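Got your viewer open? Let's take a walk through this protein, picking one selection at a time.

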Amino acid sequence: MKYYLAPLEGITTYIYRRAYHQHFAPMDKYFTPFLVPHTKKGFSTKEKNDVMPEHSPGMNLVPQIMSNQADSFLHTVEKLKVYGYEEVNLNLGCPSKTVVSKGRGSGFLADPDGLDRFLDEIFKKCDVKISIKTRIGKDAPEEFVRLLDIYNQYPVEELIIHPRVQKDFYKNQPDLDVFRDAVEGSKIPLCYNGDIFTPESHEEMRREFSQVDTFMLGRGILMNPALLDLIRMREKTDVKKTTDIDVTGWKKEETSRKMQSVDRYKKEIHAFLEQIKCDYLEVGMGEKNTLFKLKELWAYMGQNAPEAKKALKRIRKSQSMADYDSASWEALEDFILF
């Protein structure tokens, strides 16, 4: 099985990715939040920091580009090649209204003819691998029939599918019927993305789509940074279950293992958050802006700590790092791993 970390604008920066990679089960690929092409000769300081290989040691990092203009896309690819990148990812999934209104991200899916011309040009002129992250349409799932037909015409390195349409944003359930059709009809290696929040939900997807061996984790990792560790752990115990004759003994062992893991992972999550905090402060983010970043992470992580209402409220209202630190540790006491 292969696992990727989804790009989330403003959150999975190089500082987040580096801290994650050092504290938890490593991903097979990491993707940068999208780069929007511009006319500057080089990258902005923020963009440069996010794509510099030395800021992502030991990681297989793929820059993501959001564009609906072939020339701009190709120009950005040339800038990325200077840093040694051999693969880029095209964002056709972002559902943000400000993005969609400009015909970018999942907004580009509403113009299949234009998308076809765009892909034709970039694949003719580009000498690096191009993968695509896509939704299944802008307004209706039926749009994906045409979109998949277009994708299948090109040497796409990998097709990462989030089976929702743009207007769903992150509401409603992923359309697994459309993804099933993609599994049957795609000529391109597929990766599934969407609503994997627990080891159990991942296992359900594996059972449902046994042909798929690649998964992208996004909001699930933000909610529980140890999610991939728990998935990997479950994969190992699944193997043990099939070979272990003493089922009763195995169940006792699993319960004991989980109890031991809880305290260890809570300490690891605390160390992970501490590293993010220290790294943002070290690069000059300032206490106020660093607090904002940490509160943003807890907006996701707090969903796994429903009993920590008072501590989460203190995190939201904290005005100093000292206030945040005590409230964060208190919230972790009620954090649910399993």
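Which residues of α5 are buried? Before you click, keep in mind that this is a predicted model. Now select residues 112–125, which make up helix α5. The buried ones are G114, L115, D116, F118, L119, I122 and F123. While the helix is selected, check its length: its 14 residues reach 20 Å from the first C-alpha to the last, close to the 20 Å expected at 1.5 Å a residue.

**Next stop: what α5 leans on**

Add α3 (70–81), β5 (87–92), β6 (129–135) and α6 (144–151) to your selection. Those are the elements that the buried residues of α5 pack against.

**Zoom in on β5**

Keep β5 and hide the rest for a moment. How many of its residues are buried? Six of six, so to speak a strand that is mostly covered. In a regular strand, side chains alternate between the two faces of the sheet. Color E87, N89 and N91 for one side of β5, then V88, L90 and L92 for the other: all of these are buried, and both faces are covered.

Now click L90, which lies in strand β5. Is L90 buried or exposed? L90 counts as buried because its relative accessibility is 0%. Show what L90 touches beyond its neighbours within four places in sequence: I65, S67, F73, F118, L119, S131, I132 and K133. Two of those names, F118 and L119, should ring a bell from the buried list of α5. Try a distance label too: the C-alpha atoms of L90 and M66 are 6.0 Å apart, although 24 residues separate them along the chain.

**Step back to the sheet**

Bring up strand β4, residues 64–65, which pairs with β5 in the parallel sense over two bridges. You'll find Q64 standing opposite N89 of β5. Now show every strand. What is the order of the open sheet? Its nine strands run β3-β2-β1-β9-β8-β7-β6-β5-β4, with parallel pairing. The edge strands are β3 (61–62) and β4, each pairing on one side only.

For another pair, select β8 (190–193) and β9 (214–217), which are parallel and joined over two bridges. Here Y192 stands opposite F215 in β9.

**Switch to surface view: the pockets**

Select P7, L8, E9, P95 and Y170: of the 28 residues lining the largest pocket, these lie nearest its centre. This pocket holds about 570 Å³ of space. Among the elements on its lining, β6, β9 and α9 (219–223) each supply at least two residues. Color the lining by class and you get 14 nonpolar, nine polar and five charged residues.

The second largest pocket has about 430 Å³ of space. To centre your view there, pick T13, Y14, K46, E47 and D50, the nearest to its centre among 18 lining residues. Two or more lining residues come from each of α1 (14–23) and α2 (45–51), and α2 gives the most, with four.

**Last stop: a hidden space**

How many cavities of 30 Å³ or more are there? The count is two, and the largest has about 50 Å³ of space. Select I11, T13, Y16, I276, Y280, K293, E296 and L297 to see its lining. Both α11 (247–282) and α12 (287–301) give two or more residues to that lining, with α12 giving the most at three. By class, the lining has five nonpolar, one polar and two charged residues.

Terms used
Residues are numbered from 1 along each chain as its sequence is written. This is a predicted model: local features need pLDDT of at least 70, side-chain atom pairs count only at pLDDT 80 or more; totals for chains, interfaces and linings use all residues. Side-chain values use heavy atoms; hydrogens and water are left out. The expected span of a helix is 1.5 Å times one less than its number of residues. Buried means under 20% relative accessible area, exposed over 50%, partly exposed in between (1.4 Å probe, protein chains only). Contact means heavy atoms within 4.5 Å. On a 1 Å grid over the protein atoms alone, a cavity is a set of points where a 1.4 Å probe fits but cannot get out, and a pocket is an open set with protein on both sides within 12 Å along at least five of seven lines; lining residues have an atom within 4 Å of a point. Grid points are joined across faces, edges and corners, and a volume is the space filled by probe spheres set on the points. Ala, Val, Leu, Ile, Met, Phe, Trp, Tyr, Cys and Pro count as nonpolar, Asp, Glu, Lys and Arg as charged, and the others, Gly among them, as polar. Two strands pair if DSSP finds at least two bridges between them.
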